[in-house]
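Notebook open, fresh page. I'm going through this one strand by strand and jotting down what I look up.

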Amino acid sequence: MSNKRMPRCLTFSRAVWLFVFACVVAEVAYGEDADMSDMKTIEGSIWYRERMALPPNAEIRVFLEDVARMDAPSDVIATTSILPQGGPPWAFSLAYDPRKLQDRGRYVLRARIEVEGVLMFINTRQIPAFGGNADSRVEILVSRAGGRPPDGGASAPVPDVSLTDTYWKLTEIEGQAATLGAGQREPHMVLTSEGARVGGFSGCNRFTGQYERNESQLGFRPLASTRMACLEGMDQEQRFLQLLATTTRFTIHGDSLALYSGDERLILRFKGVAQ
């Protein structure tokens with residue numbers, strides 16, 4: 001009697017298992033379709049003013065980034081790459097997941113043209129990713145960088161990096177090379193174009209405050225910082241913050257930022273880091 005019931009039980013269990021498996025597969029498939037349907041795109045074009053053609057192995061890369069954090073490199077939300085055909089402009093379509101966007105985020109587009117990993121063109125002004133007419137296309141103007149293409153073509157000077165919205169890595173303090181701070185982190189600062197705020201990492205603590213700019217004149221209001229104690233970076237941090245407070249003007253050449261005190265001494269030097 002038990003032998004006759006066993007096949008029915010196995011048959012019933014197998015049927016239940018197949019039903020559950022089918023439901024799981026259907027749910028996964030539905031979830032994938034839902035994820036794809038939730039994706040949005042940014043349409044635009046990339047161009048430059050130079051009268052030159054790109055090498056045949058050039059690649060254009062476009063990034064959607066969140067630059068809201070002043071004290072850290074930007075967060076990449078989405079990226080795409082295209083192989084340019086013919087001359088500029090080149091159209092692009094960047095797909096992104098809107099669920100990755102935050103209410104407090106500040107989103108911009110960055111475009112690079114590379115040849116075998118060598119940077120040839122990049123946009124030097126931030127391009128807001130969202131704004132204006134939702135149906136309008138975004139135009140990104142890129143400028144010639146200092147990279148020399150692998151075929152040995154002539155290079156051009158690196159365009160000056162923007163003072164604001166750039167990650168400035170501290171490289172020199174009063175003529176001496178800057179060292180890494182606590183946790184092997186590099187001292188740096190970012191000046192925002194909106195709100196005239198400055199923030200960064202000074203070697204042990206994070207600092208924040210406001211700055212004032214008039215053409216090449218630059219000054220920092222009293223800065224606030226956290227109050228951690230570290231085994232490394234404290235002496236350099238103190239000097240770094242003291243010198244920031246004495247800054248009166250700046251110069252930028254390419255990706256190098258120099259700060260000067262009231263007696264025209266070069267007190268701090270930074271390097272703009274690609275994000």
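In what sense do strand β1 (residues 40-47) and β8 pair, and over how many bridges? I looked it up: β1 and β8 run parallel, and four bridges join them. Note to self on terms: two strands pair if DSSP finds at least two bridges between them. Helices (H or I, at least four residues) and strands (E, at least two) are DSSP runs, numbered from the N terminus.

Before going on, some housekeeping. This is a predicted model, where local features need pLDDT of at least 70, side-chain atom pairs count only at pLDDT 80 or more, and totals for chains, interfaces and linings use all residues. Residues are numbered from 1 along each chain as its sequence is written, and side-chain values use heavy atoms, with hydrogens and water left out.

**Entry: the sheet around β1**

I checked one bridge by name: Ile-46 has Ile-140 in β8 as its bridge partner. Then I asked which sheet this belongs to. Three strands make an open sheet in the order β4-β1-β8, with mixed pairing. Its edge strands are β4 (90-96) and β8 (138-141), each pairing on one side only. From one strand to the next, the twist averages 35°; the axes behind it are lines fitted to C-alpha atoms, and angles run from 0 to 180 degrees between N-to-C directions.

Reminder for myself: strands of a sheet pair through backbone hydrogen bonds, either parallel or antiparallel.

**Entry: β10 and its partners**

Which strands does β10 pair with? I found β19, β12 and β11 on my list.

- With β19 (residues 266-273), β10 (residues 167-173) pairs antiparallel over six bridges. Here Glu-172 stands opposite Arg-269.
- With β12 (residues 188-191), β10 runs antiparallel and shares two bridges. Trp-168 has Met-189 as its bridge partner there.
- With β11 (residues 176-177), β10 again runs antiparallel, joined by two bridges. Glu-172 turns up here too, with Ala-177 as its bridge partner.

I also looked at the turn. β10 and β11 form a hairpin with two residues between them, and Glu-174 in that turn has a positive phi of about 50°.

**Entry: the whole chain**

I tallied the secondary structure at two helices and 19 strands. Of 275 residues, 37% count as buried, meaning under 20% relative accessible area (1.4 Å probe, protein chains only). For contacts (heavy atoms within 4.5 Å), I took those between residues at least 6 apart in sequence: 56% join residues at least 24 apart. Last, the accessible surface comes to about 16,400 Å², with 53% belonging to carbon and sulfur atoms; these areas come from the Shrake-Rupley method with a 1.4 Å probe.

How values were computed: Buried < 20%, exposed > 50% of the residue type's maximum accessible area, 1.4 Å probe, protein only.
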